[in-house]
Amino acid sequence: MKPAYLTPEALQNFIQSALFEDIGPGDYSSLASIPAEKTGKAQLLIKDDGILAGVELAGEIFKTVDPKLHVEFLKQDGDEVKFGDVGLIVSGPSASILSAERLVLNCMQRMSGIATKTHRLTQLILHTKARLMDTRKTTPNFRLLEKWAVHIGGGVNHRFALYDMVMLKDNHVDFAGGIRPAIERTRNYLSQHGLNLKIEVETRNLQEVQEVLEVGGIDYIMLDNMDYATMKEAVRMIGGKYSTEASGGITEDTLAQVAECGVDYISMGALTHSVKSLDISLKAF
């Protein structure tokens, strides 16, 4: 099931904006050198091992560039691929294939890199109940695809943006004058404006965890930059009353130990801001 943010309108808005950036008034290299009636074929060559992502998007890009293009899908989003695999074959007007090429590759390479990393890290915590989750540390104007890639890789999407969930982080709490006023003002605001949004509160120590528990009226408690012993005690204190999220400085080396503390979710900005793109190319044949 697709995430709610993946609407046809959102995808088309992204594609149109990206094509305008890349093609502008015209792909003059292709228009100038290739006869308009020329047709051809090209195949998507996988040159890395990993998890493929962006296949469905590629189909939409080709169709948007030129409805005459036909795409044969040989792999699907989420498939495990290896060097030498062919992901798809596109056929039709040659100039149109070339106009779509770079956008397709830019999207698929980065999305596949994110999906591959997400999949690899999720395997490290399968022995626990914890789920791996992304953050808002994404590339501006590319968040839609980066979060989609996390989903394809088996991760969980956190809030999409500032408008679909309330997260009271340390700066919110400090500016509001403390945890109690931050939560109480937030609940009043949501009620007054008819907003039905989940509320998460970031905590930095056991005292703040206790404060959140005393105030209540929230949905998630974030345990930020806590050591293992403190995190385990925080989970014990919360006792399943609220979902818990571990965050802050978590690496591939520490991921399993954090998961074993009993948290429900682990968020890692590195899923989207520190990835190596999968090597993919499009070759005429």
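This is a short conversation about reading helix packing, aromatic pairs and unusual backbone angles in a predicted model.

Visitor: What should I know before I start?

Guide: The model is predicted, with local features needing pLDDT of at least 70 and side-chain atom pairs counting only at pLDDT 80 or more, while totals for chains, interfaces and linings use all residues. Residues are numbered from 1 along each chain as its sequence is written, and side-chain values use heavy atoms, leaving out hydrogens and water.

Visitor: And labels like H3 or E9?

Guide: Those are DSSP runs numbered from the N terminus: helices (H or I, at least four residues) and strands (E, at least two).

Visitor: How do I read two packed helices?

Guide: Two packed helices are described by the angle between their axes and the distance between the axes. The axes are lines fitted to C-alpha atoms, for helices over the stretch in contact, and angles run from 0 to 180 degrees between N-to-C directions. Take helix H3 (residues 55–65) and helix H4 (residues 94–122): their axes come within 9 Å and cross at roughly 160 degrees.

Visitor: Which way do H3 and H4 run relative to each other, roughly parallel or roughly antiparallel?

Guide: H3 and H4 are roughly antiparallel. The cut-offs are under 35 degrees for roughly parallel, over 145 for roughly antiparallel, 65 to 115 for roughly perpendicular, and oblique for the rest. The crossing of H3 and H4 is also right-handed; that word applies if the near helix is turned clockwise from the far one by less than a right angle, and anticlockwise would be left-handed.

Visitor: Which residues of H3 and H4 meet?

Guide: Contact means heavy atoms within 4.5 Å. On the H3 side you'll find Val55, Leu57, Ala58, Ile61, Phe62 and Val65, and among their partners in H4 are Ser96, Ile97 and Leu103. Sorted by class, this contact of H3 with H4 has 13 nonpolar, two polar and no charged residues. Here Ala, Val, Leu, Ile, Met, Phe, Trp, Tyr, Cys and Pro count as nonpolar, Asp, Glu, Lys and Arg as charged, and the others, Gly among them, as polar.

Visitor: Ser96 caught my eye. Is Ser96 buried or exposed?

Guide: Ser96, in helix H4, counts as buried at 13% relative accessibility. Buried means under 20% relative accessible area, exposed means over 50%, and partly exposed is in between (1.4 Å probe, protein chains only). Not counting residues up to four places away in sequence, Ser96 touches Val65, Asp66 and Leu69.

Visitor: Can I see some other helix pairs?

Guide: Sure. The axes of H1 and H5 come within 10 Å and cross at roughly 125 degrees, which makes H1 oblique to H5. Ala10, Leu11 and Phe14 of H1 make the contact with Leu144, Leu145 and Trp148 of H5. That contact has six nonpolar, no polar and no charged residues.

Guide: Then there's helix H8 (residues 206–215), packed on H9 at an angle of about 15 degrees with the axes 10 Å apart. That makes H8 roughly parallel to H9. Leu206, Val209, Gln210 and Leu213 in H8 meet Thr230, Glu233, Ala234, Met237 and Ile238 in H9, and these divide into six nonpolar, two polar and one charged.

Visitor: How do I read an aromatic pair?

Guide: A pair of aromatic rings is described by the distance of the centres and the angle of the planes. Rings of Phe, Tyr and Trp (its six-membered ring) pair if their centres lie within 6.5 Å; planes under 30 degrees apart are stacked, over 60 edge-to-face, and the rest tilted. This structure holds three such pairs. One of them is Tyr5 with Phe160, stacked at 4.9 Å centre to centre with 25 degrees between the planes.

Visitor: Where do Tyr5 and Phe160 sit in the chain?

Guide: Tyr5 is in the segment before helix H1 (8–22) and Phe160 in the loop between helix H5 (143–152) and strand E7 (166–168), 155 residues apart. Tyr5 counts as buried at 16% relative accessibility, and Phe160 counts as buried at 15%. In another pair, Tyr220 and Tyr265 have ring centres 6.5 Å apart and planes at 65 degrees, so they are edge-to-face. Tyr220 lies in strand E9 (residues 220–224) and Tyr265 in strand E11 (residues 265–267), so the pair ties together parts 45 residues apart in sequence.

Visitor: What about odd backbone angles?

Guide: Most residues other than glycine have a negative phi. Asn141, though not a glycine, has a positive phi of about 70 degrees. Asn141 lies in the loop between strand E6 (131–133) and H5, and is exposed at 74% relative accessible area.
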